[in-house]
Amino acid sequence: MSNILSEDYWTSRYQQNSIGWDVGEITEPIKQYLDQIENFRLKILVPGAGNGYEAQYALKKGFLNTYILDISFFPLQNFHFTNPDFPRSQIHHIDFFDHSGQYDLIIEQTFLCALPPEFRPQYVKKMKSLIKPGGKLVGLLFNRHFQNPGPPFGGEFGEYKNLFEKEFHILKMEECYNSIPARQGHELFFILQKSQ
Ligand SMILES: C[S@@+](CC[C@H](N)C(=O)[O-])C[C@H]1O[C@@H](n2cnc3c(N)ncnc32)[C@H](O)[C@@H]1O
């Protein structure tokens, strides 16, 4: 099994501002998903958060129990300076696979595609272990493959369905109608639930 991309790799991408994945704000599908939640006590995690726009939005909406996690310290430090009100104790500098915790909701935004595909079964198992019974994993996935070597590592509906259906109920996995223009027609929005 090849190695997971290192902290140094991701930090140098941020240092060189080679961050084509970063859309500069929360994406519309995730914003709309958060907007319809009424329980502000939910414990939310954004793994591989980078600049953490989803967490910034969630905190501002009143989800005070929101956490971010990244293997690279660089974007987390940016996030801390940009969001001084976001509790430091809710910013985790750690490899996702070494993290432990229990969350009601985990948000996926260009994190799975950052991991070499052979890590996907581990990603699914780890997500399951981090989600409370009845909790959800919600977000976006590329519904395409890429010509250049990853990251990003792409995929398609059937692969994701096979991957997730062993561990989660797939409540929704469908072509996303409100992607950013560059990803329109190549993205899936999904809602997965862990059994009670
Ligand atoms: C493609 S970027 C996406 C960042 C952010 N979600 C966004 O959309 O702007 C992938 C992020 O995952 C982080 N990452 C990669 N492998 C990781 C791991 N094993 N554990 C935690 N974070 C990781 C990287 O440092 C990077 O910030």
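Below, a colleague asks a modeller about the ligand site and a few backbone and side-chain details of this predicted model.

Colleague: Let's start with the ligand. Which residues come nearest to the ligand?

Modeller: There are 20 residues around the ligand, and Y14, G48, D70, Q109 and T110 come nearest. Helix α1 (7-15) and strand β2 (66-70) each supply at least two residues of that shell.

Colleague: What makes the approach of Y14 to the ligand a polar contact?

Modeller: A polar contact needs a pair of N or O atoms within 3.5 Å. An N or O atom in the side chain of Y14 is 2.5 Å from an oxygen atom of the ligand, so the pair qualifies as a polar contact.

Colleague: And how do you know that D70 and D95 make polar contacts too?

Modeller: The cut-off is again 3.5 Å. For D70, a polar side-chain atom lies 2.6 Å from an oxygen atom of the ligand. For D95, the partner is a nitrogen atom of the ligand, 3.0 Å from a polar side-chain atom. Both distances are within 3.5 Å, so both count as polar contacts. As for cover, the ligand on its own has 590 Å² of accessible area, and the protein covers 98% of it.

Colleague: Which pocket does the ligand take up?

Modeller: The ligand takes the space of the largest pocket.

Colleague: How do the residues of the shell around the ligand divide?

Modeller: The shell has 12 nonpolar, 5 polar and 3 charged residues.

Colleague: Now away from the ligand. Why is the pair D35 and K61 called a salt bridge?

Modeller: A side-chain nitrogen of Lys or Arg must lie within 4 Å of a carboxyl oxygen of Asp or Glu. In D35 and K61 the closest N and O atoms are 3.1 Å apart, so the pair meets the definition. D35 is in helix α2 (residues 28-35) and K61 in helix α3 (residues 53-61), so the pair links distant parts of the chain, 26 residues apart.

Colleague: How many salt bridges does a search of the whole structure find?

Modeller: The search finds 8 salt bridges.

Colleague: Which peptide bonds are cis?

Modeller: The bond from G150 to P151 is cis, with omega near 5°, and the one from P151 to P152 is also cis, with omega near 0°. P151 lies in the loop between β5 (131-142) and α6 (157-165), as does P152.

Colleague: What about the phi of N17?

Modeller: N17 is not a glycine, yet its phi is positive, about 55°. N17 is found in the loop between α1 and α2.

Key:
Residues are numbered from 1 along each chain as its sequence is written. This is a predicted model: local features need pLDDT of at least 70, side-chain atom pairs count only at pLDDT 80 or more; totals for chains, interfaces and linings use all residues. Side-chain values use heavy atoms; hydrogens and water are left out. A residue is near a molecule or strand if one of its heavy atoms lies within 4 Å of it. A polar contact is a pair of N or O atoms within 3.5 Å; within protein, one must be able to donate a hydrogen and the other to accept it, and residues adjacent in sequence count only if both atoms are side-chain atoms. Accessible areas come from the Shrake-Rupley method with a 1.4 Å probe; for residues, only the protein chains shown count as cover. On a 1 Å grid over the protein atoms alone, a cavity is a set of points where a 1.4 Å probe fits but cannot get out, and a pocket is an open set with protein on both sides within 12 Å along at least five of seven lines; lining residues have an atom within 4 Å of a point. A molecule sits in a cavity or pocket if more than half of its atoms lie within 2 Å of its grid points. Helices (H or I, at least four residues) and strands (E, at least two) are DSSP runs, numbered from the N terminus. Ala, Val, Leu, Ile, Met, Phe, Trp, Tyr, Cys and Pro count as nonpolar, Asp, Glu, Lys and Arg as charged, and the others, Gly among them, as polar.
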